[in-house]
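Good morning, everyone, and thank you for making time for this. I would like to walk slowly through one model with you, so please keep the sequence and the picture in view while I talk.

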Amino acid sequence: MSATNSPAPGMRDPNRESRVTMGERESRPVFTRPQPKISLKRREQITGLLSILPAFLLVGIVVWWPIARSFRYSFTDWNGAKANWIGLDNYRNIFERGDFWTPLKTNFVFFLSIPGILLISLVVSVLLFEETPGWRFFRSVYYIPTILSTAIVGMLMRVMFSPRGAVNGLLKAAGFDGLSRNWLGTTSTAFVVLIFIFYWQTLGQGVLIFLSGLASISTDLIEAARLDGANWWQRLTQILIPLLMPTIGFFFIFNAVYCFVGLFALVYTVTNGGPGFSTTPIDLLIYRKAFESGDLGYASALSVMLFIIVLFISAVQLRFFDRRSTE
Amino acid sequence: MITRKLSRRDTLKIGGVAAGAALLPTGFAANAQDEVTLTFWSGTYTFQDPTDKTKDKSEFYIYQAIDRFQVANPGIKVELENLAQDPTMFVKYRTASVASNGPDIASMWSGTYFLSLKDFIEPIATYFTPEEKARILGWEAVVENFDPNSPDIYGVPSGSDGTVCFFYNKELMAEVGVDPATNWPTDFEGFVSLLEQIKTAGTTPLGLESYGYLWHILMYWIAQTVGGSAGIGELGNGTRKFNDPVLVDIVAKWQGLTAYSAEGAESMQISDSEQLLLNNESVLTTGGIWIANDTRPVMGDNLGMIKIPNFSTDAPIQNGGIGGPGHALFVSNYSEHKAEAVAFIKFLMSPEEQVFKAQSGQSTLLNVTDVDGTQYYVDELLKTQQTWSNEPSTIFWPDNTLPADLTTEINAQGQLVWTGQISAEEFLSALDAKRDELLGA
Amino acid sequence: MKVQPVGFVARWVIFGVLAFLATIALYPLFFMAMSSIKTATQYIKDPIGLPNSWTYFENYKAMFTEFGIPRYFWNTFICIVGASILTLSLSIPASFAFAKISFPFRGFLRMAMIATLIVPAITFIVPAYVMMAKLDLISTYRVVILLWAATTVPSNVFLLSSLMRGIPNDILEAAKIDGAGYWETMRRAVIPLSAPGIVTVSIFNVTTWWNDLLIPLIFLQTNDKMTVTVGVSTVVGRFSTDIPLLITGLLLSCLPPLVVYLALQRIIRRGLVIGAVR
């Protein structure tokens with residue numbers, strides 16, 4: 001109850017104020033009665049804003065300010081040394097050249113593969129949850145691909161999927177001669193390899209997140225459902241998934257962003273964007289334009305376009321998941 | 001003696017030449033308190049010895065060279081930073097240079113790779129006397145438009161990669177009854193019949209990798225037909241068309257080589273093609289002296305080296321190969337110690353240093369006229385490469401001659417035409433289209 | 001904690017599936033270990049097979065002496081510790097504010113913070129470099145710490161704010177009633193309850209930073225400040241790379257995050273509890 005009597009530090013003492021205007025007995029009660037609700041609320045607001053201020057300061061200076069400069073450069077022909085204003089020429093070129101839409105298709109292919117890994121991670125997490133023998137070991141092991149740097153992953157995968165590599169070797173040994181092929185030589189199989197790697201590295205992350213989520217769901221709820229006759233699949237889809245929505249949302253959005261802005265390293269080391277340009281994602285294109293062609297202005301314009309698109313997609317997803325996460 | 005007044009650009013240009021002459025090899029007597037520190041980013045000198053992996057850094061050639069330079073020039077310190085020898089070094093240099101915060105000197109890949117950084121590089125022609133220039137070979141690798149007489153020279157070619165050729169398994173070749181020394185094909189038809197012989201005998205003739213299948217063979221044949229670097233330059237600047245019946249013929253015939261090569265060449269690594277050779281699963285592979293370094297420990301004298309057959313007997317350039325001065329040393333134009341930086345470069349190119357370099361066997365082949373590398377090399381193949389590399393028939397790397405975007409396009413389309421997904425004509429038209437787009441933009 | 005008893009056969013089928021996945025996940029470590037004790041030529045001849053000798057440790061020796069990997073480990077360690085402290089001290093209060101404190105534009109600001117996730121590093125790296133060069137911060141630990149912290153605050157805030165929403169309000173009310181101010185509430189209630197989530201984001205952060213190549217490559221220009229990823233990448237040669245040597249470096253460099261993960265995963269298991277269920 002102390003909050004109502006002693007004023008918060010830094011706030012003017014309302015009691016003190018009343019002494020100054022003494023003489024007006026009628027208004028006294030108004031002044032002697034402290035107004036905790038408004039001042040508390042204001043205090044809370046200030047606390048809130050101050051809490052986020054350092055974070056915004058750091059991110060604003062280190063990330064947003066350079067982005068703003070980059071945005072400005074997108075209207076120039078900047079090559080690092082000189083920058084002449086050319087207005088919307090870069091953007092016009094993006095639309096005319098079709099440079100932008102083809103790589104974007106590559107990103108979309110990855111984006112569309114997210115539900116697959118989501119489902120796999122969920123199922124594996126539930127399976128691990130059954131605590132079959134060795135589950136602790138498996139849980140540790142699945143995270144290893146996630147930890148590996150793209151350098152080693154790229155090198156390893158190239159070696160394994162080369163026409164004389166381990167994958168073809170294993171297929172032949174198992175009698176599936178027809179399946180062995182030049183994996184990185186055609187676009188469709190190259191995508192299969194890339195998506196396999198993406199799944200392989202993301203499984204650990206998914207298992208990590210979902211296992212924790214599962215651990216918190218009350219078992220009574222699930223028992224009740226089982227007693228009601230729900231089978232394994234129904235339990236998964238109608239109880240577990242809805243309850244896990246916030247973590248599913250995080251997983252989905254985080255990986256969606258990765259599919260648009262983080263693929264570059266992986267594709268560069270495994271297929272270098274080939275065959276042809278068919279597996280070149282948009283951020284690899286930006287890298288090439290910026291550092292191989294030295295066309296930093298154009299690369300900035302591409303980044304701005306990418307940012308707008310991903311922002312839109314993420315906003316839609318956030319809305320979708322936020323709605324399903326609140327009660 | 002020369003004092004720090006040489007910081008003004010004009011005096012530098014004139015005085016630079018004089019300074020350069022005076023600096024070598026006797027030394028630079030700067031004032032003791034004016035110690036100059038040069039940062040040197042090396043993207044080309046080696047710090048690894050496969051035979052002795054615990055060697056200390058100080059035992060490698062470039063460190064010893066720096067020591068010698070510092071002793072001869074008290075008052076100048078050179079700080080070496082070792083970069084990864086892949087395209088990230090250009091990213092690093094470019095970013096640093098935007099803020100004028102890069103090194104004073106750098107050594108990187110020559111041609112369009114480093115020329116794309118020319119906005120940050122100090123033109124170096126005025127620092128060299130004609131005599132100094134004449135004793136170094138390979139200036140077309142460091143000028144725009146590959147005109148050795150152009151005043152816009154941005155760096156100093158600092159060594160040669162040798163000449164790309166075929167490396168082969170002598171035993172397997174002998175089994176087929178072919179002795180390359182006496183009986184080597186002189187045109188494409190002859191080459192194909194050789195491949196046919198090998199294939200019938202039971203081994204895959206060619207084991208190629210994702211750079212070599214295209215640049216070592218196809219682009220070599222195109223380059224020798226259009227007259228070398230000048231012709232490649234014409235393809236790059238639009239004076240010559242890619243989609244020309246002569247070139248279509250070359251591409252179409254080259255496509256036929258897939259029947260004789262191991263599958264997947266367009267995505268294989270160098271180590272993959274070497275693996276085929278080492279395991280006797282292929283007879284020929286393309287490359288330079290690095291192939292020998294990698295495969296000798298296993299193949300020993302069974303490794304043979306022979307030039308790639310000419311496409312036709314009436315190509316303007318015969319019996320060559322691509323290669324040449326793939327490295328360049330250059331000075332940043334924001335460097336505050338340009339005179340000293342140039343002095344260091346001249347030191348590295350001096351006859352005495354070139355001898356040390358050859359003796360170390362740790363670096364690229366020599367590209368100077370007054371030192372004969374073959375006197376110092378022990379390896380026979382290395383000696384042959386040295387002799388080949390300075391011949392005029394060695395064509396400078398075409399991918400360093402063409403604009404970067406066009407090179408990327410060739411790499412991309414090459415995979416499609418090799419696997420037959422597009423035709424020879426479509427391939428060449430795509431290149432024309434890309435080139436025109438680059439010129440028009 | 002079992003959900004329901006599963007049939008015997010089903011359990012072993014599940015075990016089979018999980019074991020198969022585990023083999024795929026473990027194979028790279030096995031491959032790296034085997035390759036690191038081969039000579040370069042041996043690797044070229046037979047990349048996938050077993051090594052000829054089990055005692056060829058030259059690659060490891062080279063990493064420790066010639067390449068000076070201990071120095072790189074130390075540099076990386078300092079940067080990671082610094083960045084962790086910085087990012088957590090900024091992310092935790094911010095996440096708490098977004099979760100539990102009401103203030104104007106809260107929703108919009110949260111979106112803005114999360115939107116920063118979308119920016120690819122290559123976009124802002126050149127202007128950021130120019131700015132840091134002007135501040136004379138290039139080739140210092142500070143610049144890497146600042147950049148690493150700044151680029152992870154958005155994802156930390158994203159996850160932590162979702163988790164903190166789940167902190168029961170009664171606990172916070174009780175703390176207020178006890179007279180706890182802002183910092184005390186943090187210390188006594190928020191942080192302990194969010195500990196699993198904090199550990200989770202820390203693991204994500206450390207993994208990301210440890211494998212980051214671009215920022216240390218560009219901003220650390222001197223050999224003595226390089227991180228492990230950059231140091232190992234200098235093994236790459238133009239035509240010919242000593243692949244076993246490179247792999248040894250990569251293997252050594254992936255061990256610390258693995259150790260961190262194994263040590264901390266217990267806490268994570270109990271983690272993400274708060275807020276995952278609403």
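I will begin with chain A and how far we can trust it, then turn to the contacts between chains, and end with a pair of helices in chain B.

Before anything else, please bear in mind that this is a predicted model, and that everything I say describes that prediction. For chain A, the mean pLDDT is 79, and 83% of its residues reach 70 or more. The confidence does vary along the chain: among its elements, helix H1, residues 2-5 of chain A, has the lowest mean pLDDT, at 40, while helix H6, residues 101-112 of chain A, has the highest, at 89. Over residues 1-30 of chain A the pLDDT stays under 50, and for that stretch the model has 21 contacts beyond four places in sequence.

What is chain A built from, in terms of helices and strands? Its secondary structure comes to 18 helices and zero strands. Of its 327 residues, 44% count as buried, and if we take the contacts in chain A between residues at least 6 apart in sequence, 68% of them join residues at least 24 apart.

Now to the contacts between chains, starting with chains A and C, where 76 residues come from chain A and 80 residues from chain C. On the chain A side, the largest share, 18 residues, comes from helix H4, residues 36-73 of chain A, and by class that side has 50 nonpolar, 19 polar and seven charged residues.

Chain C also touches chain B, with 31 residues of chain C in contact with 32 residues of chain B. Helices H2, H3, H6 and H10 of chain C are the elements that each give two or more residues to the chain C side, and H6(C) gives the most, with five residues. By class, this side of chain C has 15 nonpolar, 10 polar and six charged residues.

Finally, let us look inside chain B, where the axes of helix H8, residues 212-226, and helix H10, residues 245-255, come within 10 Å and cross at roughly 155 degrees. Because angles over 145 degrees count as roughly antiparallel, H8(B) is roughly antiparallel to H10(B), and the crossing is right-handed. Among the residues that meet there are Trp221(B) in H8(B) and Trp254(B) in H10(B), and by class this contact has nine nonpolar, one polar and no charged residues.

Conventions. Residues are numbered from 1 along each chain as its sequence is written. Chains are lettered from A and ligands numbered from 1 in the order in which they are written. This is a predicted model: local features need pLDDT of at least 70, side-chain atom pairs count only at pLDDT 80 or more; totals for chains, interfaces and linings use all residues. Two residues are in contact if their C-beta atoms, placed from the backbone, lie within 7 Å. Helices (H or I, at least four residues) and strands (E, at least two) are DSSP runs, numbered from the N terminus. Ala, Val, Leu, Ile, Met, Phe, Trp, Tyr, Cys and Pro count as nonpolar, Asp, Glu, Lys and Arg as charged, and the others, Gly among them, as polar. A residue is buried if 20 or more other C-beta atoms lie within 10 Å of its own, exposed if 12 or fewer, and partly exposed in between; C-beta atoms are placed from the backbone. pLDDT is the predictor's confidence in each residue, from 0 to 100. Axes are lines fitted to C-alpha atoms, for helices over the stretch in contact, and angles run from 0 to 180 degrees between N-to-C directions. Angles under 35 degrees count as roughly parallel, over 145 as roughly antiparallel, 65 to 115 as roughly perpendicular and the rest as oblique. A crossing is left-handed if the near helix is turned anticlockwise from the far one by less than a right angle, and right-handed if clockwise.
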